[in-house]
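Biologist: Could you walk me through this structure, one feature at a time? I'd like to learn how to read it.

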Amino acid sequence: MILMQAQDISLTRGGRKVVDAASLTLEAGRVMGLIGPNGAGKSTALRMLAGLLKPDYGHVRLQDRDIGRIGAEMRARQVAFIPQDGQKPPPMPVRALVALGRLPHGQAGERAAGHPAVEDALAATDMLELQNRPASHLSGGERARMNLARALATSTPVILADEPIAALDPAHALSMMQLFRVLAAQGKGIVVVLHDLALAARFCDELVLMHQGRVVRHGLPEQVLQDTIMGSVYGVTVKRIENAVIPWALCR
Ligand SMILES: Nc1ncnc2c1ncn2[C@@H]1O[C@H](COP(=O)(O)OP(=O)(O)OP(=O)(O)O)[C@@H](O)[C@H]1O
């Protein structure tokens with residue numbers, strides 16, 4: 001089942017097309033990795049998918065409706081957007097902040113904090129131990145897990161996550177990628193921006209490679225992560241290593 005579709009979306013910023021006629025289709029049960037070098041346009045594209053930026057051209061459809069025509073609350077019940085780690089959160093307890101994820105369902109305060117979706121989200125992200133801590137005291141990695149928990153608490157069919165594992169230690173990065181797989185198995189569709197290509201190859205069903213605003217490759221990880229493409233897009237060479245745990249290394 002198609003959950004979301006972007007067709008030829010373009011956006012100009014500072015006189016430059018930062019996203020240029022990008023198209024993608026997100027199906028239920030899939031983890032899609034959005035990859036590409038710094039400045040490729042990944043975050044901008046993700047914000048357009050989330051309905052937070054309006055494309056100059058093209059359109060984003062959410063279950064067959066133009067996302068721009070869906071009200072903010074309805075959209076929030078359908079799409080959870082996890083931004084790249086930005087502002088420090090307020091000094092409210094982690095559980096209360098995660099419970100804000102229930103607002104699009106009209107639930108707030110004690111009712112939201114006690115909702116099973118909040119409990120499940122805290123458990124899934126390994127945040128139960130930290131639930132009473134002020135959110136402002138969390139480390140960068142803990143904050144990333146809390147942001148995912150808040151998104152999960154909303155119980156949306158679509159999750160859009162911008163570099164959610166960038167600040168995570170290896171164990172929590174693996175857990176989060178495994179959790180995306182579990183969520184996909186439950187029927188959700190996930191678009192995740194990643195710079196860790198090994199994890200992208202291992203956990204994503206498909207990869208969308210962006211470069212200079214354009215989607216230059218879309219397909220299975222092994223189709224996208226080819227040596228020549230990595231060379232031309234990332235400017236690195238791929239060294240294959242036999243019998244190694246990670247069978248390739250990137251070199252400059
Ligand atoms: N408001 C803006 N005005 C001018 N340029 C912008 C604006 N917003 C983004 N850009 C530019 O658009 C390009 C794409 O930015 P974007 O954040 O989407 O890239 P990205 O692929 O997510 O990069 P990264 O991996 O570094 O996070 C960048 O070159 C950025 O400088």
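**Reading the model, step by step**

Modeller: Let's start at the ligand: the shell around it divides into two nonpolar, seven polar and two charged residues. Here Ala, Val, Leu, Ile, Met, Phe, Trp, Tyr, Cys and Pro count as nonpolar, Asp, Glu, Lys and Arg as charged, and the others, Gly among them, as polar.

Biologist: Before we go on, what kind of model is this?

Modeller: This is a predicted model, in which local features need pLDDT of at least 70 and side-chain atom pairs count only at pLDDT 80 or more, while totals for chains, interfaces and linings use all residues. Residues are numbered from 1 along each chain as its sequence is written.

Biologist: Which residues surround the ligand?

Modeller: A residue counts as near a molecule if its C-beta atom, placed from the backbone, lies within 6 Å of it. Around the ligand that gives Arg13, Gly14, Val18, Gly36, Asn38, Gly39, Ala40, Gly41, Lys42, Ser43 and Thr44. Helix H1 (residues 42-49) gives the most to this shell, with three residues.

Biologist: How many helices and strands does the chain have?

Modeller: Helices (H or I, at least four residues) and strands (E, at least two) are DSSP runs, numbered from the N terminus. The chain has 10 helices and 12 strands. Its radius of gyration is 18 Å, close to the 18 Å that the globule rule gives for 252 residues, so the chain is as compact as a globular protein of that length. That radius is taken over C-alpha atoms, and the rule is 2.2 Å times the number of residues to the power 0.38.

Biologist: What share of the chain is buried?

Modeller: Buried means that 20 or more other C-beta atoms lie within 10 Å of a residue's own; exposed means 12 or fewer, and partly exposed is in between, with C-beta atoms placed from the backbone. Buried residues make up 40% of the 252 residues here. Back at H1, six of the eight residues are buried, so the helix is largely enclosed by the rest of the structure. Those six are Lys42, Thr44, Ala45, Leu46, Met48 and Leu49.

Biologist: How do I read a longer stretch, such as H7?

Modeller: Check the span to begin with: the expected value is 1.5 Å times one less than the number of residues. Helix H7 (residues 170-185) has 16 residues and reaches 23 Å from its first C-alpha to its last, close to the expected 22 Å. Then look for its buried residues, which are Ala173, Met176, Met177, Leu179, Phe180 and Ala184. Seen down the axis of H7, they fall within an arc of 155 degrees, so they line one face of the helix. That arc is the one made by the directions from the helix axis to the C-beta atoms. The face turned away from this buried side carries the exposed residues Ala171, Gln178, Val182 and Ala185.

Biologist: And what covers the buried residues of H7?

Modeller: For contacts, we ask whether two C-beta atoms, placed from the backbone, lie within 7 Å. The cover of H7 includes strand S3 (31-35), helix H5 (116-124), helix H6 (140-153), strand S8 (189-193) and helix H8 (197-203). H6 itself is mostly covered, with 12 of its 14 residues buried. Those buried residues pack against strand S6 (79-82), helix H3 (94-99), H5, strand S7 (158-162) and H7.

Biologist: Is Ile159 buried or exposed?

Modeller: Ile159, found in strand S7, is buried, with 24 other C-beta atoms within 10 Å. Leaving aside its neighbours within four places in sequence, Ile159 is in contact with Ala80, Ala151, Leu183, Lys188 and Ile190. Ile159 and Gly189 are 30 residues apart in sequence, yet 6.4 Å apart in space, C-alpha to C-alpha.

Biologist: Which backbone angles should catch my eye?

Modeller: Most residues other than glycine have a negative phi. Ala21, in strand S2 (residues 16-27), has a positive phi of about 50 degrees although it is not a glycine. With 15 C-beta neighbours inside 10 Å, Ala21 counts as partly exposed. Asp64 also has a positive phi, near 75 degrees, and is found in the loop between strand S4 (57-62) and strand S5 (65-66). Asp64 is exposed, with 8 other C-beta atoms within 10 Å.
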